[in-house]
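Work through the following exercises with the sequence and the model side by side, and try each task before reading its solution.

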Amino acid sequence: MRAVVFERYGEPAEVREVADPEPAEHGVVVRVEATGLCRSDWHGWQGHDPDITLPHVPGHELAGVVEAVGARVTGRRPGDRVTVPFVCACGSCPACAAGDQQVCERQTQPGFTHWGSFAHYVALDHADVNLVAVPDGMSYATAASLGCRFATAYRAVVRQGRVAAGEWVAVHGCGGVGLSAVMIAAAAGARVVAVDVSPGALELARRFGAAECVDASAVPDPAAAVRDLTGGGAHLSLDALGAPATCAASVNGLRRRGRHVQVGLLPSPTGTTPVPMARAVALELELLGSHGMAAHTYPPMLELVRAGVLRPDLLVTSTIGLDAAPAALAAMGTAPGAGVTVIEPWN
Ligand SMILES: NC(=O)c1ccc[n+]([C@@H]2O[C@H](COP(=O)([O-])OP(=O)(O)OC[C@H]3O[C@@H](n4cnc5c(N)ncnc54)[C@H](O)[C@@H]3O)[C@@H](O)[C@H]2O)c1
Ligand SMILES: [Zn+2]
Ligand SMILES: [Zn+2]
């Protein structure tokens, strides 16, 4: 099959022929019809993910057709249209038993713990636990976005963030995760303040329901701007980029007893990030993390998509073939485009 491969961190990836994957006993191989380009792929390529071994094929936000099925899989057969949360759970550890497959103790992740979906085919583990049927009428490009950023934003806003109608929600970083969060929070009846440094990203945020926009590159203190616009601070705020500055701005933009949800990854050489904990104490803030979303919790989100309340299809601003993927991955570090880029490996 053809796949995007890199041999060294940060050095150009290339498209080449590699061996087709085989399904594990409990797994499947999926023919990849669409796979999103997420900043986590860029983090992996930069060497920020300790799970990756070289050479490596990135890609974890995918949809496609089941091609081959392992001997112990009972619920899936070739030809099924499927997507998958990027956290593939084992189904049997204590976290899975509690329904928290998104933090499974023995999780695998395509594109991180093994070769991913920037390829014609990808192997996925524990298919009966993790595969989600793509609803009739939903395109593969739209379904792919549910595998990582849209579902992650849904859990971050709705479950971890406990968004409520009428609340102010600040979203710092309006890329794939952040724009999804803007759309989901606005659909829940929240008033959203979108924060980004890119005019194109803020324009999309406005289109997807943001009531207010802050250009973080044009104000001295984005947190103060959020507090001004929201009458004292947001009820709920997300760092949807993952940087010390956006993490701090998210916490500092909250009102008393507000909730911060960290979604953006925070790689650092020491493994730690400074957080304004004095403010967290004085204002009784809640600081939460959010990590993907378990397959069994997809139905309410899919129902909102089916009803047209949520429109992940609108987030896809660019569709490219496999040959353009290495350059698009590299461009995330230098000139990221607004919205979500989807790779269609067979085009
Ligand atoms: N926790 C999870 O389960 C999970 C899932 C998916 C992605 N992620 C992580 O979420 C983060 C976002 O991913 P993405 O694919 O949406 O990224 P992206 O590159 O599409 O978007 C990032 C956005 O942040 C903006 N930005 C840059 N500097 C800024 C600043 N100083 N202030 C405000 N905005 C700024 C950029 O202009 C861009 O619009 C990444 O760290 C990714 O690895 C985490
Ligand atoms: Zn991702
Ligand atoms: Zn598990």
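The exercises below concern a predicted model, and each one is followed by a worked solution.

**Exercise 1. The zinc site**

Determine which residues coordinate the zinc ion (ligand 3), and decide what arrangement the four donor atoms make.

Solution. Begin with the donors, which are the SG atoms of Cys 90, Cys 93, Cys 96 and Cys 104, at 2.3 to 2.4 Å from the zinc ion (ligand 3). Along the chain, these donors follow the spacing C-x2-C-x2-C-x7-C. Cys 90 lies in the loop between E5 and helix H2 (94–97), whereas Cys 104, 14 residues apart from Cys 90, lies in the loop between H2 and E6. Next, consider the angles: the four donor atoms subtend 102 to 116°, and four donors count as tetrahedral if all angles lie between 85 and 135 degrees, so the arrangement around the zinc ion (ligand 3) is tetrahedral. For comparison, the ideal angle for four tetrahedral donors is 109.5 degrees. Finally, check the accessibility, where buried means under 20% relative accessible area: Cys 90 is buried at 8%, and Cys 104 is buried at 3%.

**Exercise 2. The aromatic pairs**

Find the two aromatic pairs that the structure holds, and classify each by the angle between its planes.

Solution. Take the pair of Phe 6 and Tyr 9, whose ring centres are 6.2 Å apart and whose planes stand at 55°, so that the pair is tilted. Phe 6 is buried, with 0% relative accessibility, while Tyr 9, at 33%, is partly exposed. Turn then to Tyr 121 and Trp 346, which form an edge-to-face pair with 5.6 Å from centre to centre and 80° between the planes. This pair links distant parts of the chain, since Tyr 121 belongs to strand E6 (residues 121–124) and Trp 346 to the segment after strand E15 (340–344), 225 residues apart. Tyr 121 is buried with a relative accessible area of 15%, and Trp 346 is partly exposed with 34%.

**Exercise 3. From strand to ring**

Starting from Val 65 in E4, identify the residue opposite it in E3 and its bridge partner in E5, and then locate the ring under the charged end of Arg 81.

Solution. Strand E3 (residues 28–37) pairs with strand E4 (residues 62–69) in the antiparallel sense over seven bridges, and here Arg 31 stands opposite Val 65. E4 also pairs with strand E5 (residues 81–83), again in the antiparallel sense, over three bridges, and the partner of Val 65 in E5 is Arg 81. The charged end of Arg 81 sits over the ring of Tyr 140, 4.8 Å from the ring centre.

Terms used:
Residues are numbered from 1 along each chain as its sequence is written. Chains are lettered from A and ligands numbered from 1 in the order in which they are written. This is a predicted model: local features need pLDDT of at least 70, side-chain atom pairs count only at pLDDT 80 or more; totals for chains, interfaces and linings use all residues. Side-chain values use heavy atoms; hydrogens and water are left out. Two strands pair if DSSP finds at least two bridges between them. Helices (H or I, at least four residues) and strands (E, at least two) are DSSP runs, numbered from the N terminus. Rings of Phe, Tyr and Trp (its six-membered ring) pair if their centres lie within 6.5 Å; planes under 30 degrees apart count as stacked, over 60 as edge-to-face and the rest as tilted. Buried means under 20% relative accessible area, exposed over 50%, partly exposed in between (1.4 Å probe, protein chains only). A charge sits over a ring if NZ of Lys or CZ of Arg is within 6 Å of the ring centre and within 35 degrees of the ring normal. Donors are N, O and S atoms within 2.8 Å of the metal (3.2 Å for Na, K and Ca); water is not among the atoms, so sites may look incomplete. Four donors count as tetrahedral if all angles lie between 85 and 135 degrees; four count as square planar and six as octahedral if opposite donors are over 155 degrees apart and all others between 65 and 115; anything else is irregular.
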